[in-house]
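The following exercises ask for a structure to be read step by step. Each task is followed by a worked solution.

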Amino acid sequence: MTRKVAFVSGAGEGIGAAVARRFARDGIAVAVNDVDPAKARQLVDEIAASGGEAAAAPGDIADVAAVRGMIAGAVSAFGRLDIAVANAGITSWGDFFDYSPDTFDRVMGVNMRGTFFTAQAAARQMRDQGDGGRIVLTSSVAGIQAIRYLSAYSMTKAGIEMLAKNLVVELSPYGITINAIAPGATLTPRNFADDPKYDDHWNQVVPIGVMLSEDIAGAVSFLCSEDARKITGQMLVIDGGWTAISPTPDLDFVERKGE
Ligand SMILES: NC(=O)c1ccc[n+]([C@@H]2O[C@H](COP(=O)([O-])OP(=O)(O)OC[C@H]3O[C@@H](n4cnc5c(N)ncnc54)[C@H](O)[C@@H]3O)[C@@H](O)[C@H]2O)c1
């Protein structure tokens with residue numbers, strides 16, 4: 001059997017890096033994208049040192065020409081493309097009343113344009129190969145539930161869920177599955193940079209505790225596995241139960257009823 005080849009965007013650290021490491025461990029060759037070339041190369045070296053196959057694909061995922069070049073580069077490095085994980089995304093917190101057009105455009109550019117054209121470039125390659133493929137997009141629990149200061153980010157993540165659903169129509173004839181994942185609070189370097197007490201704060205509201213990047217990588221690995229070959233157009237939420245909880249008013253009338 002030929003070994004599979006994956007492209008993972010934003011894989012220099014955090015969730016994308018965990019996905020790339022997981023693929024490499026599973027015998028999949030990985031093209032590691034990051035806007036920071038040093039981070040991409042570092043992960044490639046780490047994967048190579050542990051016996052895996054990887055190549056750096058540095059570049060800004062919001063740049064469509066760069067995305068097309070990176071997919072072409074992955075194909076020339078490894079001969080084909082079977083899996084694409086559009087993981088790169090930026091979280092720019094900000095009050096709705098003060099949110100600037102520049103920040104808005106950057107969030108849309110990376111999260112929406114980046115995701116859309118990564119999926120397009122990967123799907124074109126898979127269509128031309130003629131034997132199917134797997135695409136996983138990265139939404140968020142913020143695309144399902146409102147979170148203060150994340151209005152622009154939430155829009156992009158809700159849009160990404162719809163993109164996964166919509167592309168079933170166009171990709172199914174080619175045997176390409178398209179799904180989204182929605183991670184909840186995950187322990188990544190960026191979250192700790194934003195809030196050094198990130199784990200304490202989020203563990204208070206996540207029923208079975210915050211996620212590690214490896215928990216998200218496991219879900220991505222499943223969606224790209226043979227077991228998931230009939231799953232398409234879905235969003236898999238990996239959030240430790242957080243979205244099952246909604247704030248309620250005081251419900252003590254329920255207890256009083258039996259008195
Ligand atoms: N961490 C969480 O709690 C969480 C929760 C829900 C959803 N997500 C989503 O998961 C994905 C990964 O999250 P993370 O926290 O691991 O990310 P992160 O912020 O740690 O970034 C991961 C990597 O992406 C790279 N990157 C940033 N902009 C890029 C661009 N334009 N092109 C290419 N690479 C770029 C960064 O350099 C970094 O190395 C994102 O789409 C994010 O929105 C994360």
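Two strands pair if DSSP finds at least two bridges between them. Helices (H or I, at least four residues) and strands (E, at least two) are DSSP runs, numbered from the N terminus. Residues are numbered from 1 along each chain as its sequence is written. The model is predicted: local features need pLDDT of at least 70, side-chain atom pairs count only at pLDDT 80 or more, and totals for chains, interfaces and linings use all residues.

**Exercise 1. Strand pairing**

Task: Determine which residue of strand 2 is the bridge partner of Val8, and how strand 1 and strand 2 run.

Solution. Step 1: the bridge partner of Val8 in strand 2 is Val32. Step 2: strand 1 and strand 2 are joined by four bridges and run parallel. Step 3: strand 1 is also parallel to strand 4, with three bridges between them; here Phe7 has Ala84 as its bridge partner. Step 4: strand 4 is in turn joined to strand 5 by four bridges, again in parallel, and Ile83 has Arg134 as its bridge partner in strand 5.

**Exercise 2. The two faces of a strand**

Task: State which way the residues of strand 1 point, and whether they are buried or exposed.

Solution. Step 1: a residue is buried if 20 or more other C-beta atoms lie within 10 Å of its own, exposed if 12 or fewer, and partly exposed in between, the C-beta atoms being placed from the backbone. Step 2: in a regular strand the side chains alternate between the two faces of the sheet. Step 3: in strand 1, Val5 and Phe7 point one way, Ala6 and Val8 point the other way, and all are buried. Step 4: strand 4 (residues 83–86) is likewise covered on both faces, since Ile83 and Val85 on one side and Ala84 and Ala86 on the other are all buried.

**Exercise 3. Helix 2**

Task: Compare the span of helix 2 with its expected value, and locate its buried residues.

Solution. Step 1: the expected span of a helix is 1.5 Å times one less than its number of residues. Step 2: helix 2 (residues 37–49) has 13 residues and should therefore span 18 Å, which agrees with the 18 Å between its end C-alpha atoms. Step 3: its buried residues are Ala40, Leu43, Val44 and Ile47. Step 4: seen down the axis of helix 2, these residues fall within an arc of 105° (the arc of the directions from the helix axis to the C-beta atoms), so they line one face of the helix. Step 5: on the other side of helix 2, Ala38, Asp45 and Ala49 are exposed. Step 6: the cover over the buried residues includes helix 1, strand 2 and strand 3 (54–58). Here two residues are in contact if their C-beta atoms, placed from the backbone, lie within 7 Å. Step 7: Gly51, just after helix 2, takes a positive phi of about 90°.

**Exercise 4. Helix 3**

Task: Carry out the analysis for helix 3, beginning with its span.

Solution. Step 1: the 15 residues of helix 3 (residues 64–78) should span 21 Å at 1.5 Å a residue, and its end C-alpha atoms are 21 Å apart, which agrees. Step 2: Val67, Met70, Ile71, Ala74 and Phe78 are its buried residues. Step 3: because these buried residues fall within an arc of 95° seen down the axis of helix 3, they line one face of the helix. Step 4: the face turned away from the buried side carries the exposed residues Ala65 and Ser76. Step 5: strand 1 (5–8), strand 2, strand 3 and helix 4 (101–129) are included in what covers the buried residues of helix 3. Step 6: Gly79, just after helix 3, takes a positive phi of about 90°.

**Exercise 5. Two individual residues**

Task: Describe the surroundings of Ile15 and the backbone of Tyr149.

Solution. Step 1: Ile15 is found in helix 1. Step 2: Ile15 counts as buried because it has 28 C-beta neighbours inside 10 Å. Step 3: Ile15 and Pro183 are 168 residues apart in sequence, yet 9.3 Å apart in space, C-alpha to C-alpha. Step 4: Tyr149 lies in the loop between strand 5 (133–138) and helix 5 (151–171). Step 5: most residues other than glycine have a negative phi. Step 6: Tyr149, a residue other than glycine, has a positive phi near 75°. Step 7: with 14 other C-beta atoms within 10 Å, Tyr149 is partly exposed.
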